[in-house]
Amino acid sequence: MNPKVDTYLENLTTWKKESKILREILTNCGLTEDFKWMHPCYTYKGKNIVLIHGFKAYCAILFHKGALLNDSKKILVQQTEHTQSARQIRFRNSSEIEELKSTIKTYVYEAIEVEKAGLNVKTKTTSDFEVPAELELKFKENPDFKKAFKRLTEGRQRGYLLFFAKPKQAKTRTSRIENCTDRIFNGFGLNDCVCGLSKRMPNCDGSHKQLEK
């Protein structure tokens, strides 16, 4: 048992019971308990297999290479439409976890076999994503902005490209780019915390709103 996970669980205000049950299941699957990205993470020979996390409406376990699992029970969830590799199993109460205990273990063992086999999800690279014309124009007008954008991690670049390309109207795409210019120059991703108050660093958890009161 990892003491950081002990502290994490004791400080939970929601999903505490459910997270403790999930912890017991995962630690009994031969995985090593770690604490990464501010959440309990379970690894096999140093490779990430699954983590526990909670949201307002549900708690979940997240398989890092869930897209490669057979999902025989059809219970895996793609967290967002742009999530390429990870998949969740979601729970709304402890009873649901207890009912799926054997299934959870089956999925975990399959995830371990995926890791043993060295399999990887074929994901899109940054060059595969559309660069909106409005962003290309911004790059031409401001070469320093283009350099700042290219200095971002691949994941942060992809996040911005998806965000900028989504609106149908050009003026909305331009507005989004302008509103994110300072964040990009400062090296922040679209969902990164910039106020330093987030409890889910580096991700923003909305804590900045208290500064607006």
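# Loops, helix faces and a helix crossing

Student: Which loop is the place of Met 38?

Tutor: In this predicted model, strands are DSSP runs of E with at least two residues and helices are runs of H or I with at least four, numbered from the N terminus. For Met 38, the place is the loop between strand S1 (32-36) and strand S2 (39-44).

Student: Housekeeping for the rest: residues are numbered from 1 along each chain as its sequence is written, and side-chain values use heavy atoms, with hydrogens and water left out. Local features need pLDDT of at least 70 and side-chain atom pairs count only at pLDDT 80 or more, while totals for chains, interfaces and linings use all residues. Now, what is the phi of Met 38 near?

Tutor: Most residues other than glycine have a negative phi. Met 38 is a residue other than glycine, yet its phi is positive, near 65°.

Student: Is Met 38 buried, partly exposed or exposed?

Tutor: Buried means under 20% relative accessible area, exposed means over 50%, and partly exposed is in between, using a 1.4 Å probe and protein chains only. Met 38 has a relative accessible area of 38%, so it is partly exposed.

Student: And Asp 71, what does it count as at 13% relative accessibility?

Tutor: Asp 71 is found in the loop between strand S4 (59-63) and strand S5 (87-91). It isn't a glycine either, but has a positive phi of about 55°. Because its relative accessibility is 13%, Asp 71 counts as buried.

Student: Over to the helices. At what angle do H5 and H8 pack, and what is that orientation called?

Tutor: Axes are lines fitted to C-alpha atoms, for helices over the stretch in contact, and angles run from 0 to 180 degrees between N-to-C directions. H5 (residues 133-141) and H8 (residues 170-185) have axes 9 Å apart and pack at about 45°. Under 35 degrees would be roughly parallel, over 145 roughly antiparallel, 65 to 115 roughly perpendicular, and the rest is oblique. H5 and H8 are therefore oblique.

Student: Which residues of H5 and H8 make the contact?

Tutor: Contact here means heavy atoms within 4.5 Å. H5 brings Glu 134, Leu 135 and Lys 138, and H8 brings Ala 170, Arg 173, Thr 174, Ile 177, Glu 178 and Thr 181.

Student: Which residues of H5 are buried, and why are they on the same side?

Tutor: The buried ones are Glu 134, Leu 135, Lys 138 and Phe 139. They are on the same side of H5 because they cover an arc of only 145° around the axis, the arc being that of the directions from the helix axis to the C-beta atoms. On the other side, Ala 133, Lys 140 and Glu 141 are exposed. What covers the buried residues includes helix H6 (143-151), helix H7 (154-165) and H8, and the arc to remember is 145°.

Student: Which residues does Leu 135 touch, not counting residues up to four places away in sequence?

Tutor: Leu 135 is buried, with a relative accessible area of 0%. With that sequence window left out, it touches Phe 145, Phe 149, Leu 161, Phe 164 and Ile 177.

Student: What arc do the buried residues of H6 cover?

Tutor: Those residues are Phe 145, Ala 148 and Phe 149, and they pack against H5, H7 and H8. The face turned away from them carries the exposed Lys 147 and Arg 151. The buried residues lie on the same side of H6 because their arc around the axis is only 100°.
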